[in-house]
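This briefing introduces a structure to a reader who has not met it before. It takes up strand pairing, then a histidine and its contacts, then the salt bridges.

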Amino acid sequence: MDEIGVSVCELDLSCCNALIDNGTNFSEMNNLRSLKLDHLLIEDYNMAVLLSTTKRLLHLSVHGCSKLEVSVLTKAKAINPHLELLDLDVRDAFMDVPLSSIRDAFPSLLKLNNRCTAMGTSRIKQHQQNYQWRVGARDRNSTGSNKRKRGESLNARESRVIGSASMSLNCCSLQLTGFSKADCTAQEMFGCKTCHIEFDRFVCMTCSKVCHKALGHEVFCIGYGPGYCDCCILSKCMCI
């Protein structure tokens, strides 16, 4: 039986039914933060084992898993109270319980079936207010990029952003935005050369200070843009 490494934090096995057929072991994925199993013929037992052991999972998608009974998820929460999902997609799974049961089992959900919950709507409004308070509302007619200007050093760019922004919360922005990349998630974006968080990934302002800069990491400013903080996936987030 194959076993997936315990250090994996982000995993997308959508449509990879060969892994299930070969008896892949999902029992020791304790560090998993984000898991996509879309259109996978996963059985209730495998899902129950997975959810009973992971204590850090925040994002789960079982879209199109027609063999999976959704009640397995609600039962797993009773067995594993540490399971605090922010984003859950059970579209086209076997709905043997109503959506209200899922919302009751996971009150922490910001998104259910790709739609914001009441808490998710409230949190994203809070995120937008915090962001506008830190950097000021942008000119509605402005279409220019806020990324680093040509010839401007990273330190100068970082000073310009941080100088106009102060911390409004001591938590990772993921707790407000969830795993959404919509325009409403716009925020300051930082990278970390020490943790190899670059290119299409970023960490939020709070994590850049608490989880990286405070530890002596080489942090740099990317700019502004929509998306979610990758600190809990690519590093050891201390703010979530």
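In this predicted model, six strands make up an open sheet with mixed pairing, arranged in the order E1-E2-E3-E4-E5-E6. Strand E1 (10–12) and strand E6 (115–116) are its edge strands, each pairing on one side only. Strands E7 and E8 also pair with each other, in the antiparallel sense. The points below treat these elements by topic.

**Strand pairing**

- Strands of a sheet pair through backbone hydrogen bonds, and the pairing is either parallel or antiparallel.
- Within the six-stranded sheet, whose order places E3 beside E4, strand E3 (residues 59–61) and strand E4 (residues 87–89) run parallel and are joined by three bridges.
- His 59 has Asp 87 of E4 standing opposite.
- The antiparallel pairing of E7 and E8 extends over six bridges.
- One residue pair in this arrangement is Cys 192 and Val 219, the latter being the bridge partner in E8.
- Strand E8 is largely enclosed by the rest of the structure, because seven of its seven residues are buried.

**The surroundings of His 212**

- His 212 is found in helix H8.
- Is His 212 buried or exposed? His 212 counts as buried because its relative accessibility is 0%.
- Leaving aside residues up to four places away in sequence, His 212 touches Cys 192, Cys 195, Ile 197, Val 203, Cys 207, His 217, Val 219, Cys 231 and Ser 235.
- Among these contacts are Cys 192 and Val 219, the bridge partners named above.

**Salt bridges**

- Side chains of opposite charge can pair when their charged atoms come close.
- How many salt bridges does the model contain? The count comes to seven salt bridges, and three of the pairs are described here, beginning with Glu 188 and Arg 134.
- The side chains of Glu 188 and Arg 134 form a salt bridge with an N to O distance of 2.8 Å. This pair links distant parts of the chain, 54 residues apart: Glu 188 belongs to strand E7 (residues 187–192) and Arg 134 to helix H5 (residues 118–135).
- Glu 188 counts as buried, at 1% relative accessibility, and Arg 134 also counts as buried, at 12%.
- Glu 218 and Lys 193 form another salt bridge, in which the closest N and O atoms are 3.9 Å apart. Because Glu 218 lies in the loop between helix H8 (205–212) and strand E8 (219–225), and Lys 193 in the loop between E7 and H8, the pair ties together parts that are 25 residues apart in sequence.
- Glu 218 is partly exposed, with a relative accessible area of 47%, and Lys 193 counts as partly exposed at 36% relative accessibility.
- Asp 230 and Arg 201 meet through their side chains in a salt bridge of 2.9 Å, N to O. The two residues are 29 residues apart and link distant parts of the chain, with Asp 230 in the loop between E8 and helix H9 (231–234) and Arg 201 in the loop between E7 and H8.
- Asp 230 counts as buried at 3% relative accessibility, whereas Arg 201 counts as partly exposed at 26%.
- Glu 10, Arg 201 and Asp 230 are joined into one network by salt bridges that share partners.

Key: Residues are numbered from 1 along each chain as its sequence is written. This is a predicted model: local features need pLDDT of at least 70, side-chain atom pairs count only at pLDDT 80 or more; totals for chains, interfaces and linings use all residues. Side-chain values use heavy atoms; hydrogens and water are left out. A salt bridge is a side-chain nitrogen of Lys or Arg within 4 Å of a carboxyl oxygen of Asp or Glu. Helices (H or I, at least four residues) and strands (E, at least two) are DSSP runs, numbered from the N terminus. Buried means under 20% relative accessible area, exposed over 50%, partly exposed in between (1.4 Å probe, protein chains only). Two strands pair if DSSP finds at least two bridges between them. Contact means heavy atoms within 4.5 Å.
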